[in-house]
Amino acid sequence: MNTDVFLIGSGQTRFGEWWEKSIRDLLYEAVDSALDDAPCTALDIDMVIVANMIAERTNGQAHLGALASSILPHNPPALRVESACASGAVALHTACGLLESGRAKNILVVGVEKMTDVPVADISSALMGAADSEKDVPSGLTFPGIFGLITQRYMHEFGLTREQLNTVSAVHHRNAIENPFAQFRAEIPAEKISQSPKVADPLCMLDCSPISDGAAACILSTAHESDVKIAASQLASDTVSLTERETITSFSATKKAMEGALEEADIDRNNISHLEVHDCFSIAAIINLEDLGFAEPGKGIKQYEQEDPAPTINASGGLKACGHPVAATGIKQVIDMTKQLKKSGNRWGLTQNFGGACASCGIHILEHTHA
């Protein structure tokens with residue numbers, strides 16, 4: 001980073017199925033919580049950035065930047081960011097750029113999604129907006145189908161077994177027990193994962209992140225200091241359709257963003273103690289570990305088979321157990337990473353948030369300055 005950007009306040013709703021709450025209610029709850037946690041007042045906010053993917057389809061609501069701005073007494077300038085499930089990370093990256101430029105000193109970044117009020121078929125259709133409308137959608141694919149194909153190919157190339165894959169979701173559900181904001185806070189034995197209904201062979205229901213409602217907000221600042229700052233913020237992109245890639249068992253956007261993030265933070269990956277990775281499907285978590293450089297190709301599952309993996313992986317429960325209101329996820333990851341660094345006393349943590357089949361990827365490295 002060209003200047004120190006501190007995370008000075010954060011807040012979120014619990015992720016889940018909030019039938020009685022509107023998208024506005026979720027926004028208010030997360031924003032109020034972040035402001036209560038910050039040393040500044042609402043009037044100190046210079047700009048609001050809202051991450052959202054599908055509110056037009058699920059809530060009939062666009063213009064979310066202005067809607068979020070209206071929560072504050074002085075209606076600061078606001079904008080909305082969309083990059084599929086990576087919207088949260090892109091919103092954070094946008095905020096970092098504006099803070100580095102000096103155009104703002106305190107920015108409220110909030111991600112929100114209200115997904116449970118419409119039929120599942122409508123949600124599936126809306127989420128396929130993150131795929132290629134000409135090359136993927138006409139074939140009838142959904143994202144479970146896309147990641148089912150990825151899983152089949154990965155198993156063919158590297159010999160991953162269905163029983164090994166069970167470990168990923170089982171670990172994430174176990175981790176979520178301690179997270180009061182998680183959608184699912186119950187342990188699920190590994191053997192139960194593959195016994196859940198088949199969704200897209202070989203993926204089962206418990207391999208898939210849920211449809212969720214929720215919001216997460218943080219305040220980034222160059223005017224106020226805290227003991228956690230953003231040491232790196234990097235984005236990378238790839239082709240939207242898998243049909244245009246050389247391989248579907250590795251995501252180049254993650255590799256590119258990771259290379260840039262390590263260079264920006266001026267650290268080695270071995271310095272990183274905690275990871276929050278984008279486990280929209282269980283196979284994604286394995287591939288992410290390999291692309292981030294914490295496992296050799298085909299060996300990512302070994303990290304889940306260890307008693308105490310280093311670095312820690314998705315201590316929050318990840319998308320699988322914490323929930324996945326898509327545009328809130330990238331911001332929620334940063335909030336969780338802040339908690340993990342403060343609890344452990346370690347210095348470095350990393351979040352990875354991607355959109356589509358990793359056609360866009362945002363990586364943030366956080367530094368606990370009092371470690």
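In this predicted model, the side chains of D117 and K114 meet in a salt bridge, with 2.9 Å from N to O. The two partners sit in contrasting surroundings, because D117 is partly exposed at a relative accessible area of 43%, whereas K114 is buried, with a relative accessible area of 1%. Side chains of opposite charge can pair when their charged atoms come close. By the rule used here, the count comes to 15 salt bridges, and a few of them are described below, followed by a helix pair, a buried leucine and some backbone features.

**Salt bridges**

- K198 and D201 also meet through their side chains in a salt bridge, at 3.3 Å from N to O; K198 is exposed, with a relative accessible area of 52%, while D201 is partly exposed at 46%.
- A further salt bridge joins the side chains of E367 and K229, at 3.9 Å from N to O, and this pair links distant parts of the chain, since E367 belongs to strand β12 (residues 360–368) and K229 to strand β8 (residues 228–237), 138 residues apart.
- Both E367 and K229 are buried, and salt bridges that share partners join D4, K229, R347 and E367 into one network.

**Helices α4 and α13**

- Two packed helices are described by the angle between their axes and the distance between the axes.
- The axes of helix α4 (residues 87–101) and helix α13 (residues 329–344) come within 5 Å and cross at roughly 70 degrees, and α4 and α13 are therefore roughly perpendicular to each other.
- At this crossing, G88, A89 and L92 in α4 meet G330, I331 and V334 in α13, so that, sorted by class, the contact of α4 with α13 has four nonpolar, two polar and no charged residues.
- Helix α4 has 15 residues and reaches 21 Å from its first C-alpha to its last, which is close to the 21 Å expected at 1.5 Å a residue.
- The buried residues of α4 include G88, A89 and L92, together with others such as V90, C96 and L99.
- Just after α4 comes G102, whose phi is positive, near 85 degrees.

**A buried leucine in strand β4**

- L108 lies in strand β4 (residues 106–114), and because its relative accessibility is 0%, L108 counts as buried.
- Leaving aside residues up to four places away in sequence, L108 touches V31, I45, M47, V48, I49, L72, A217, C218 and I219.
- The C-alpha atoms of L108 and L35 are separated by 8.9 Å, although these residues are 73 residues apart along the chain.

**Backbone features in loops**

- Most residues other than glycine have a negative phi, and most peptide bonds are trans.
- The peptide bond from D201 to P202 is cis, with omega near 5 degrees, and P202 is found in the loop between β5 (198–200) and β6 (203–204).
- Another cis peptide bond joins A310 and P311, with omega about 0 degrees, and P311 is found in the loop between α11 (301–304) and β10 (312–313).
- N75, which is not a glycine, has a positive phi of about 45 degrees; N75 is found in the loop between α3 (64–69) and β3 (78–81) and, at 47% relative accessibility, counts as partly exposed.
- D266, likewise a residue other than glycine, has a positive phi near 60 degrees; D266 lies in the loop between α9 (252–265) and β9 (272–276) and is exposed, with a relative accessible area of 67%.

Technical notes:
Residues numbered from 1 in each chain as written. Predicted model: local features only at pLDDT ≥ 70, side-chain atom pairs only at ≥ 80, totals over all residues. Heavy atoms only, no water. Axes fitted to C-alpha atoms, helices over the stretch in contact; angles between N-to-C directions. Helix = DSSP H or I, 4+ residues; strand = E, 2+ residues; numbered from the N terminus. Parallel < 35°, antiparallel > 145°, perpendicular 65-115°, else oblique. Contact = heavy atoms within 4.5 Å. Buried < 20%, exposed > 50% of the residue type's maximum accessible area, 1.4 Å probe, protein only. Salt bridge = Lys/Arg side-chain N within 4 Å of Asp/Glu carboxyl O. Expected span 1.5 Å × (residues − 1).
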